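Here is a brief report on one protein chain. Please read it alongside the sequence and the coordinates.

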Amino acid sequence: MQITSFEQYEENYKKSVENPEQFWGEVAQNFQWRKPWFKVLSWNFKDPEIKWFEGAKLNITENCLDRHLATNGDKPAIIWEPNNPDEESVTLTYKMLHERVCRFANVLKRNGAKKGDRICIYMPMVPELAIAVLACARIGAVHSVIFGGFSAKSIADRINDSQCKLVITADGAYRGNKQIPLKDVIDDALIGCATVEKCIVLTHVRTPVSMLKGRDVWWEDEVKHVNDICDAEEMDAEDMLFILYTSGSTGKPKGVVHTCGGYMVYAGYTFANVFNYQPGEVYFCTADIGWITGHSYIVYGPLSQGATSVLFEGIPTYPSPSRFWDIVEKHKINTLYTAPTAIRSLMSFGEEPLNGKDLSSIRVLGSVGEPINEEAWHWFDEKIGHGKAPIVDTWWQTETGGIMISPIATVTKTKPSFATLPLPGIQPILVDENGNEIEGNGVSGNLCIKFPWPGMLRTTYGDHERCKQTYFSTYENLYFTGDGCLRDEDGYYRITGRVDDVLNVSGHRIGTAEVENAINMHAGVVESAVVGYPHDVKGQGIYAFVINPEMHGEADLTKKDILQTVTRVIGAIAKPDKILFVSGLPKTRSGKIMRRILRKIAEGDTTNLGDTSTLLDPAVVDEIIEASKKY
Ligand code: PRX
């Protein structure tokens, strides 16, 4: 299944396009199925309806755990590095992980969970998070992991949208020198969640928490009541594996649905190839399991390939900006997969944090989540990879389930800031505004995919129409990514960023409408408009133009109140970096906000704002410019 030369890549790519069913059918043979499929693929992008490996039966945890036991049972599956470097790291072998997953799967059953039930997971980056995810998959329950930075209201919305029956959480989480009171947040969320019957709480930070009789139980107590034998539930290839909520250009996040068979094949195949993983190597992805990167490339992808996956609880700058390099040295990391934001942030500390660190184990470097600028690419290449480790700049999305456009380590020639070429099976095309294909090289357009791949989303939970409208209706018979893209003279792809109203802040996806809704929930605010602007570290920052709110105290305090409101409604990750109070917003006569103008002002470029004569009140633009200059 592993591609080892560029000629082989070209051959595989050709075959995957000419005969996709044969290609993916052969790739899928590398996995363990209880029953084979009768049809590799049936699809249409109109409805959309996509089925991979129809009729096949499997359980993804048998592929991630059981099948490794005989030969690799004592090999480390997960190495956990705690937030505090003075604490011991923890290694779980495949045997140990299998045992713990089975045991916790029995805890889930004991608490009433069964196949098809939705289970919300809100946990710190500890091994038990991976165990909880896999235990859900073991019994055929659908996990919905929520990143620890989301607020009680965001959690409640997500729990209610998918009617979760159970919640798995912890007393708290560490993040650098901060503690996050996870159980408190869950308690607030659950006030509005009638479907939740049980909440399983892991002890981690040992902070006091409330435990409600009949609802809340301790993880440590529960595991004592069950044994560690749990047969995996037989799942249909197209049964739901998980829901992961993500932001779009409208207010409410969507529950992206991935299914068992196709997702497994795609996550496993792309992991093995993109990172050129070799048996015995130690692989470290710094993402949080609360995002798709953690699902596919900390848990399912690596474990399906019998890899050793490092799970890190902390942040890159705690207790010092040497932390990543200490981890690399300590665990002899061979592959480091991280985000441009982390690279830029570490770069800003200069070379001192790298002094004396042994990074010689590094063989492959990876980047994900946002465009990587050339400066960061070169720093990563020279200072971390010492010019010897290929950088795989991996472009993909929550919806794609796995990496789509990326170099294959040691195979594809890399180019700074380019995601390079599509992986086998992926057929990208660029289209203009009207959906006409832009052919040839040296061109830019909107990035679409014209043929299905096994890891693609199947629906958005509870609202198939929304899936159709969002991804399959902009351009007929195409999956629309929402990204703009350049294809250069060599046919290499470079992702230029979102072309819709979605922001990418530190690699986190946030909808402008979502942030506006949150700001508008502040008692004094009538209307606001949010745009992104270039930010040195985060890639994009959030700039909010707020129509002069009713002040309670001075303007600065009101700004802080607004930030607090956003934190409550969405979570701290969505807090605007800048808030500007203005007397009006640039609107067309039909009332549409001209974001193009606000974006330019936010970028500090007011030289060419284009035609403002169609505005209801053109004078408002000058006023905003003046105010922004004083900011
Ligand atoms: O704009 C693209 C950007 O991140 C978006 C997807 O965000 P999310 O679903 O949260 O998944 C992030 C992790 C896969 C994309 O639409 N993006 C992701 N990877 C890259 C990227 N932009 C440029 N280069 C990348 N390598």
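## A salt bridge across 98 residues

Asp501 is partly exposed, because its relative accessible area is 25%. This is a predicted model. Arg599 is partly exposed too, with a relative accessible area of 33%. Asp501 and Arg599 form a salt bridge, and their closest N and O atoms are 3.6 Å apart. Asp501 sits in the loop between strand E25 (493-498) and strand E26 (502-505), while Arg599 belongs to helix H17, so the pair ties together parts that are 98 residues apart in sequence.

## Other salt bridges

How many salt bridges does the structure hold? The count is 39. One of them joins the side chains of Lys15 and Glu26, at 2.6 Å from N to O. This pair links distant parts of the chain. Lys15 is in helix H1 (residues 6-18) and Glu26 is in helix H2 (residues 20-28), eleven residues apart. Lys15 has a relative accessible area of 29%, so Lys15 is partly exposed. Glu26, at 39%, is also partly exposed.

Lys357 pairs with Asp326 in a salt bridge, with the closest N and O atoms 2.8 Å apart. Lys357 lies in the loop between helix H12 (340-347) and strand E19 (364-368), and Asp326 lies in helix H11 (residues 323-331), so the bridge ties together parts that are 31 residues apart in sequence. Lys357 is partly exposed, with a relative accessible area of 26%. Asp326 is partly exposed at 31%. Elsewhere, salt bridges link Lys183, Asp187, Arg215 and Asp216 in a network.

## A negative surface patch

Which residues form the negative surface patch? They are Asp617, Asp622, Glu623 and Glu626. Asp617 lies in the loop between helix H17 (595-603) and helix H18 (619-630). Why does Asp617 count as partly exposed? Its relative accessibility is 41%, and partly exposed means between 20% and 50%.

## A covered helix

Is helix H10 mostly covered or mostly open? Helix H10 spans residues 292-304 and is mostly covered. Of its 13 residues, 13 are buried. Buried here means under 20% relative accessible area. Just after H10 comes Gly306, with a positive phi of about 70°.

## Annotated domains

UniProt lists three spans that matter here, each from an unreviewed entry. Residues 9-64 are listed as "domain: Acetyl-coenzyme A synthetase N-terminal". In the model, this span is 43% helix and 25% strand. The end C-alpha atoms of residues 9-64 lie 26 Å apart.

The UniProt annotation "domain: AMP-dependent synthetase/ligase" covers residues 66-452. Residues 66-452 are 30% helix and 22% strand, and their end C-alpha atoms lie 30 Å apart. UniProt gives residues 514-592 as "domain: AMP-binding enzyme C-terminal". Over residues 514-592, helix and strand each make up 28% of the chain. The end C-alpha atoms of residues 514-592 are 17 Å apart.

How values were computed: Residues are numbered from 1 along each chain as its sequence is written. This is a predicted model: local features need pLDDT of at least 70, side-chain atom pairs count only at pLDDT 80 or more; totals for chains, interfaces and linings use all residues. Side-chain values use heavy atoms; hydrogens and water are left out. Patches are made of residues with over 30% relative accessible area and no salt bridge: like charges are joined within 9 Å, nonpolar side chains (Val, Leu, Ile, Met, Phe, Trp, Tyr) within 5 Å. Accessible areas come from the Shrake-Rupley method with a 1.4 Å probe; for residues, only the protein chains shown count as cover. A salt bridge is a side-chain nitrogen of Lys or Arg within 4 Å of a carboxyl oxygen of Asp or Glu. Lys and Arg count as positive and Asp and Glu as negative; His and the chain ends are not counted. The place of a charge is taken as NZ of Lys, CZ of Arg, CG of Asp or CD of Glu. Helices (H or I, at least four residues) and strands (E, at least two) are DSSP runs, numbered from the N terminus. Buried means under 20% relative accessible area, exposed over 50%, partly exposed in between (1.4 Å probe, protein chains only). UniProt positions are given in the numbering used here, feature names are shortened, and annotations may be inferred rather than shown by experiment.
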